[in-house]
Amino acid sequence: QPQLVESGGGLVQPGGSLTLSCVASGFSLDDYVIGWFRQAPGKEREGVSCIGRHVRSINYRDSAKGRFTISRDNAKNTVYLQMNSLKPEDTAVYYCAAIVLPADASLSTCYSDYYRRPYWGQGTQVTVSS
């Protein structure tokens, strides 16, 4: 059964780092754009970063720019999100999703609910607190 599984979350102090992993099974990750999303308590889900099928295509939301790095290893069927300089406002459940994005669509639109996301992970909790 196709699925995505996130891991790597945890409790970290402000200024600390975490690296999240998103591992696909039952399907090939490189057939999809992969996005990281997060949802904090009481807030709507928001996009964080997306990586295209080709590693050269990467997009970050403003909240992630300069602090987070997304990468993918298609041989391992895994996408990573390295998060540095974490802030309390980064506290959320982080999810990865496989996104069906047309080839002619800008990667910056990957966060739109318009595009189909056939696979979601179960989420991993990131808590930034002293």
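Which loop holds N77? Select N77 and see: the residue lies in the loop between β7 (68–73) and β8 (78–83). Strands are DSSP runs of E, at least two residues long, numbered from the N terminus.

Before moving on, some ground rules. This is a predicted model, where local features need pLDDT of at least 70 and side-chain atom pairs count only at pLDDT 80 or more, while totals for chains, interfaces and linings use all residues. Residues are numbered from 1 along each chain as its sequence is written, and side-chain values use heavy atoms, with hydrogens and water left out.

**Stop 1: N77 and S85**

Stay on N77. Its phi is near 55°, a positive value in a residue other than glycine. Most residues other than glycine have a negative phi. N77 is buried, with a relative accessible area of 17%. Buried means under 20% relative accessible area, exposed means over 50%, and partly exposed is in between, using a 1.4 Å probe and protein chains only.

Now select S85, in the loop between β8 and β9. S85 is not a glycine, yet it has a positive phi of about 50°. With 41% relative accessibility, S85 counts as partly exposed.

**Stop 2: F27**

Go to the loop between β3 and β4 and pick F27. This residue counts as buried, at 12% relative accessibility. Show its surroundings. Setting aside residues up to four places away in sequence, F27 touches P2, Q3, L4, Y32, N77, A98 and Y119. Contact here means heavy atoms within 4.5 Å. So N77 from the previous stop appears again, as one of the residues that F27 touches. Add Q1 to the selection. F27 and Q1 are 26 residues apart along the chain, and their C-alpha atoms are separated by 8.5 Å.

**Stop 3: strand β1**

Select residues 3–7, strand β1. Which way do its side chains point? They alternate: L4 and E6 point to one face and are buried, while Q3, V5 and S7 point to the other and are not. Next, add β3 (residues 18–25), which pairs with β1 in the antiparallel sense over 5 bridges. Two strands pair if DSSP finds at least two bridges between them. To see the register, highlight V5: it stands opposite V23 in β3.

**Stop 4: strand β4 and its partners**

Select residues 33–39, strand β4. Because 6 of its 7 residues are buried, β4 is largely enclosed by the rest of the structure. Bring in β9: it pairs with β4 in the antiparallel sense over 7 bridges. Here V33 stands opposite I99.

Then show β5 (residues 46–51), joined to β4 by 5 bridges and also antiparallel. I34 stands opposite I51 in β5. The two strands form a hairpin with 6 residues between them. Find G42 in the turn, where phi is positive, about 75°.

**Stop 5: S49**

Stay on β5 and select S49. Is it buried or exposed? S49 is buried, with a relative accessible area of 0%. A polar atom of its side chain lies 2.8 Å from the backbone oxygen of N59. Leaving out neighbours within four places in sequence, the contacts of S49 include I34, W36, N59 and Y111. For scale, pick E6 too: S49 and E6 are 43 residues apart in sequence and 15 Å apart in space, C-alpha to C-alpha.

**Stop 6: R117**

Select R117, in the loop between β9 (92–99) and β10 (119–120). R117 counts as buried, at 12% relative accessibility. Show its side chain. It reaches the backbone oxygen of S112 at 3.0 Å. A polar contact of 3.1 Å joins it to the side chain of D113. A polar contact is a pair of N or O atoms within 3.5 Å; within protein, one must be able to donate a hydrogen and the other to accept it, and residues adjacent in sequence count only if both atoms are side-chain atoms. Beyond four places in sequence, R117 is in contact with residues including F37, R45 and A98.

Conventions:
Helices (H or I, at least four residues) and strands (E, at least two) are DSSP runs, numbered from the N terminus.
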